[in-house]
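Good morning. I will talk about cysteines first and aromatic rings second. Please look at the structure while I speak.

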Amino acid sequence: MKTYKREFKATDTVDIQLRAMDRKDLEGVNLYELGLGLEKSAYAMTVVREDGVIIGCGGIMYQGYRCAEAWALTSDLVPEYPMQCLHLTRVIMRKALKELKLVRLEARVLTENKVSVKMLETMGFLCEGFSRKTPPNFKDRYTFAKVV
């Protein structure tokens, strides 16, 4: 089935059928409020199947001082559309790196989220550390970064 990308909307966080790992990562989080915050990012997009089902969405939130944090929400459909998701991620990263003149891009992932760890490593991110019981739901996470 064909896919297309479009601008991210706050309701995407509610409409997406999150994969188990993302559901675990977002336990106790109001998804619509999260979406409203993420919607403020100028560098956010959603990959959608032609039947309207959301495959995944992601973006980059500028943190200031030429640093930003990458984020992604994914469905169980990502393994069926790996190239579309990887392409979307690379498009967002290139645009943000160029326009914001970023020096540092970070991502935080649950320690057991092997799929996200592999994707970050594939895109040139390095694991810089481990944080215990981090907000919003006090889970352990790795911090990855790409320094330009």
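This is a predicted model, and it contains zero disulfides. Take Cys-57, which is in no disulfide: the nearest cysteine sulfur belongs to Cys-85, 9.8 Å away. Why is there no bond from Cys-85? A disulfide needs two cysteine sulfur atoms within 2.5 Å. The sulfur of Cys-85 has its closest cysteine sulfur in Cys-57, and because 9.8 Å separates them, that is too far for a bond.

Are these two cysteines buried or exposed? Cys-57 has a relative accessible area of 3%, so Cys-57 is buried. Cys-85 is buried as well, with a relative accessible area of 10%. The cut-off here is that buried means under 20%.

Now the rings. The structure has three aromatic pairs. One of them joins Phe-8 and Trp-71, whose ring centres are 5.1 Å apart. What kind of pair is that? Planes over 60 degrees apart count as edge-to-face. The planes of Phe-8 and Trp-71 stand at 70 degrees, so this pair is edge-to-face.

Where do the two residues sit in the chain? Phe-8 is in the loop between β1 (3-7) and α1 (12-15), while Trp-71 is in strand β4, residues 67-74. The pair therefore ties together parts that are 63 residues apart in sequence.

Both partners are also buried by the cut-off I gave: Phe-8 has 4% relative accessibility, and Trp-71 has 14%.

Last item. Which residues form an aromatic cluster? Phe-130, Tyr-142 and Phe-144 form one together. That is the end of my part.

Conventions:
Residues are numbered from 1 along each chain as its sequence is written. This is a predicted model: local features need pLDDT of at least 70, side-chain atom pairs count only at pLDDT 80 or more; totals for chains, interfaces and linings use all residues. Side-chain values use heavy atoms; hydrogens and water are left out. Buried means under 20% relative accessible area, exposed over 50%, partly exposed in between (1.4 Å probe, protein chains only). Rings of Phe, Tyr and Trp (its six-membered ring) pair if their centres lie within 6.5 Å; planes under 30 degrees apart count as stacked, over 60 as edge-to-face and the rest as tilted. Helices (H or I, at least four residues) and strands (E, at least two) are DSSP runs, numbered from the N terminus.
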